Amino acid sequence: MGGTAIGRFPIHLGLGARAVPQPAFTGAMEWYADYVARNADDGREGRLVTTHRFTESWDSWEVHPEGDEVVLCLSGTISLLQELADGPPAQVTLGPGDYAINPPGVWHTADIADEASVLFITAGRETRHRPR
């Protein structure tokens, strides 16, 4: 029996300690909107767990106002940029096994020098984006 690729089929962690496989990830903003609608009953406690492989820096900023986001580097190097409300922008460089937390309401983006694989555990409700 084979496993399921989390980068292709993310997992929703919901109320009652449920882990719910999600449909194939498309990368489109509509996928995220459908994810929120599918899991609306879990409210702000629901979490999206997925991985992404990056070969380029992000072209936008994002913010998750409903809760923390865990960013765990699996391979390569990622420089996470955070706009903190109570201080200057912060940069955290993550290598394999390193993690950082994006607190609620902190706008963030990332620079990728070569390539990186990253696991995200995200409170995705009300997520917003803006151009970089």
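Student: Is Glu 66 buried or exposed?
Tutor: Start with the number: the relative accessible area of Glu 66 is 16%. With a 1.4 Å probe and protein chains only, buried means under 20%, exposed over 50%, and partly exposed in between. So Glu 66 counts as buried.

Student: What kind of model are we looking at?
Tutor: Residues are numbered from 1 along each chain as its sequence is written, and side-chain values use heavy atoms, with hydrogens and water left out. Local features need pLDDT of at least 70, side-chain atom pairs count only at pLDDT 80 or more, and totals for chains, interfaces and linings use all residues, as the model is predicted.

Student: How far apart are N and O in the salt bridge of Glu 66 and Arg 44?
Tutor: A salt bridge here is a side-chain nitrogen of Lys or Arg within 4 Å of a carboxyl oxygen of Asp or Glu. The side chains of Glu 66 and Arg 44 meet that rule, with an N to O distance of 4.0 Å.

Student: How many residues apart in sequence are the parts that this pair ties together?
Tutor: Helices (H or I, at least four residues) and strands (E, at least two) are DSSP runs, numbered from the N terminus. Glu 66 is in the loop between strand 4 (60-63) and strand 5, while Arg 44 is in the loop between helix 1 and strand 3, so the separation of the parts they tie together is 22 residues.

Student: And Arg 18, what is its salt bridge partner?
Tutor: Arg 18 is partly exposed at 37% relative accessibility, while its partner is buried at 7%. The closest N and O atoms are 2.6 Å apart, and the partner is Asp 42.

Student: Which residue forms a salt bridge with Arg 53?
Tutor: Arg 53 is exposed, at 54% relative accessibility. Its partner is partly exposed, with a relative accessible area of 38%. The closest N and O atoms sit 2.9 Å apart, and the partner is Glu 115.

Student: Where do those two lie, and how many residues apart in sequence are the parts they tie together?
Tutor: Look for Arg 53 in strand 3 and Glu 115 in strand 8. The pair therefore ties together parts whose separation in sequence is 62 residues.

Student: How many bridges pair strand 5 with strand 8?
Tutor: Two strands pair if DSSP finds at least two bridges between them. Strand 5 (residues 69-83) runs antiparallel to strand 8 (residues 107-122). One bridge joins Val 70 to Ile 121. The count for this pairing is 13.

Student: How many residues lie between strand 5 and strand 6 in their hairpin?
Tutor: These strands pair in the antiparallel sense over 5 bridges, including the one between Ser 79 and Thr 93. The number of residues between them is 6.

Student: What is the volume of the largest cavity?
Tutor: On a 1 Å grid over the protein atoms alone, a cavity is a set of points where a 1.4 Å probe fits but cannot get out. Grid points are joined across faces, edges and corners, and the volume is the space filled by probe spheres set on them. The search finds 1 cavity of 30 Å³ or more. The largest cavity comes out at about 80 Å³.

Student: How many charged residues are in its lining?
Tutor: Lining residues have an atom within 4 Å of a point, and Arg 44 and Arg 125 are among them. Asp, Glu, Lys and Arg count as charged, Ala, Val, Leu, Ile, Met, Phe, Trp, Tyr, Cys and Pro as nonpolar, and the others, Gly among them, as polar. The lining has 4 nonpolar and 5 polar residues, and the charged number is 2.

Key. 1 Å grid on protein atoms, 1.4 Å probe; cavity = no way out; pocket = protein on both sides within 12 Å on 5 of 7 lines; lining within 4 Å.
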